[in-house]
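Please report on this structure, working through its local features and its ligand and DNA contacts. Keep it brief, and include a small table of polar contacts.

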Amino acid sequence: MGDEQRCLAYSTAAATLKSLPFTVTTMSQIVDLKGLGSGHCLKVLQETLDTGYCREVVSKRDSDKYKSIKSLTGVYGIGNSVAEKLYTSCNITSVSDIITSWGRLALNDERIKYGVAYYEDLNTPVTRETAERIQGVVRRELDQVTQGYKLELMGGYRRGKSSGHDVDLLVCCGSNDEDGGSTGGVVGSGGSAGGVGLATVSCFIQLISSFSNYKYFFLQAAYRKQSDRVSSMDNYEKCVCILKCPLQDDWTPDPMEDIQTDVSSLVTSGQNGDRGWRATRVDLVYVPQHQWPYAVLGWSGSKLFLRLLRRYASSTLGLVLTSHGLWNYCKRKLSSTLQGR
DNA sequence: GACCAACTGGT
DNA sequence: ACCAGT
DNA sequence: GGTC
Ligand SMILES: Cc1cn([C@H]2C[C@H](O)[C@@H](COP(=O)(O)OP(=O)(O)OP(=O)(O)O)O2)c(=O)[nH]c1=O
Ligand SMILES: [Mg+2]
């Protein structure tokens, strides 16, 4: 049921107001703005301007259900659907409820374990300073396996934000790494990478391997379509992980530290602020050089901007815009040098 | 009343 | 197909 | 929920 679309409508309305160069004080300033419509949004705004708040907003915001769902979806890996079920069918209202009732809830998604164990860390804003520290960690790992690469901060930071919910990094390998050709150990989905240390292995796989070597947490890896692979080994396009971000410059991960796999040990080891690191969500995206501009566009956001831009590409230009390229519907990549627009 | 971005991975 | 995520 |  089109909740996603209603969310889109609210986002557009909010962005419309945010874009105004002045503080809104009267309805006449906003009634004719595109994106606000003539219904719900205006009603909320009218009441807010008249009385300082909107009864519907306040009652929704302060309702027990809203507060519970908000806490539950704050767990990485729990979305609206599961949160709703936990709340209505299991009387679960908080993360501590989840921990207490873990055994009977059958939450199978591996991410939820980490989401619960590092709930506080993962809901603490990541400062730009932290993001740059992570970038430094990644840069030093990359320097050991390749050269001539590009590595840039993406997402909110690239748009000038000073904090965010994660660190988005875009990597583009140097020309030496493009098309290695040789095949080697296959990297299994979801965790330990094999065949580490071979010169022919893609720098991205080596990078990810260094994370598991160092006992960082590894969550998920996405594959790249065969046709887009830079080399035969190089089948990862994205790595979604949680890294231990050093709190001081001199901290290095302890290779002896075991990775905990059950929630209770994760939760206990996740507590305690005094551990020299903070759990940080990191997205690493790896693209071949010819896709770099599309990847920069696609990973800079914002989410709303991308949706509007892609809608324009599709409905006005008749093209498909993704983070890999600009295509026509027959799946032929548009040669932008020939089609100069 | 149709349309609303485009995609991947886990179950 | 559904859910969660980018 | 807003736009066309
Ligand atoms: C969430 C989301 C992100 N993206 C892209 C654009 C985002 O800028 C990029 C990174 O995703 P996010 O990290 O979720 O977005 P962000 O970096 O803008 O926000 P924050 O500062 O809170 O981290 O991925 C999508 O294309 N679609 C989506 O639905
Ligand atoms: Mg981000």
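Helix α8 (residues 110–117) is mostly covered, with 6 of its 8 residues buried. Buried means under 20% relative accessible area, exposed means over 50%, and partly exposed lies in between (1.4 Å probe, protein chains only). Helices (H or I, at least four residues) and strands (E, at least two) are DSSP runs, numbered from the N terminus. The buried residues of α8 are Ile112, Lys113, Tyr114, Gly115, Val116 and Ala117. Tyr114 has a relative accessible area of 6%. In sequence, Tyr114 stands 148 residues from Asp262, yet their C-alpha atoms are 9.8 Å apart in space.

This is a predicted model, in which local features need pLDDT of at least 70 and side-chain atom pairs count only at pLDDT 80 or more, while totals for chains, interfaces and linings use all residues. Residues are numbered from 1 along each chain as its sequence is written, chains are lettered from A and ligands numbered from 1 in the order in which they are written, and side-chain values use heavy atoms, with hydrogens and water left out.

**Loops and backbone**

Ala106 lies in the loop between α7 (102–105) and α8. Phi of Ala106 is near 55°, a positive value in a residue other than glycine. Ala106 is exposed, at 56% relative accessible area. Asn91 sits in another loop, between α5 (80–90) and α6 (95–100). Its phi is also positive, near 60°. Asn91 is exposed too, with a relative accessible area of 63%. A cis peptide bond runs from Gly301 to Ser302, with omega near -5°. Ser302 belongs to the loop between α14 (292–300) and α15 (303–315).

**A contact in β7**

Asp283 is placed in strand β7 (residues 277–287). At 9% relative accessibility, Asp283 counts as buried. Its side chain makes a polar contact with the side chain of Arg281, at 2.8 Å. A polar contact is a pair of N or O atoms within 3.5 Å; within protein, one must be able to donate a hydrogen and the other to accept it, and residues adjacent in sequence count only if both atoms are side-chain atoms.

**Magnesium and ligand 1**

The magnesium ion (ligand 2) is coordinated by Asp166 (OD) and Asp168 (OD), at 2.0 to 2.1 Å. Donors here are N, O and S atoms within 2.8 Å of the metal (3.2 Å for Na, K and Ca); water is not among the atoms, so the site may look incomplete. Both aspartates, Asp166 and Asp168, are buried.

Ligand 1 is surrounded by 14 residues, and the closest are Gly156, Arg159, Lys161, His165 and Asp166. A residue is near a molecule or strand if one of its heavy atoms lies within 4 Å of it. Asp166 and Asp168 return here: side-chain N or O atoms of Asp166 and Asp168 pair with oxygen atoms of ligand 1. A polar side-chain atom of Arg159 also lies 2.9 Å from an oxygen atom of ligand 1. Taken alone, ligand 1 exposes 550 Å², and the protein buries 70% of that. These areas come from the Shrake-Rupley method with a 1.4 Å probe; for residues, only the protein chains shown count as cover.

**DNA strand D**

The residues around DNA strand D are Gln5, Arg6, Ala9, Tyr10, Lys34, Gly35, Leu36, Gly37, Gly39, His40 and Cys41. Sugar and phosphate account for 72% of the atoms of DNA strand D that come within 4 Å of the protein. By class, this surface has 4 nonpolar, 5 polar and 2 charged residues. Ala, Val, Leu, Ile, Met, Phe, Trp, Tyr, Cys and Pro count as nonpolar, Asp, Glu, Lys and Arg as charged, and the others, Gly among them, as polar.

Contacts with the strand and with ligand 1 are listed here.

| Protein atom | Partner | Distance |
|---|---|---|
| Arg6, polar side-chain atom | DNA strand D, sugar or linking oxygen | 3.4 Å |
| Leu36, backbone N or O atom | DNA strand D, phosphate oxygen | 3.1 Å |
| His40, polar side-chain atom | DNA strand D, phosphate oxygen | 2.9 Å |
| Asp166, side-chain N or O atom | ligand 1, oxygen atom | 2.7 Å |
| Asp168, side-chain N or O atom | ligand 1, oxygen atom | 3.0 Å |

Two elements, α1 (3–18) and α2 (40–51), give two or more residues to the surface near DNA strand D. The largest share, 4 residues, comes from α1.

**An annotated lysine**

Lys43 lies in helix α2. The UniProt annotation "active site" (unreviewed entry) covers Lys43. UniProt positions are given in the numbering used here, feature names are shortened, and annotations may be inferred rather than shown by experiment. Lys43 is partly exposed, with a relative accessible area of 44%.
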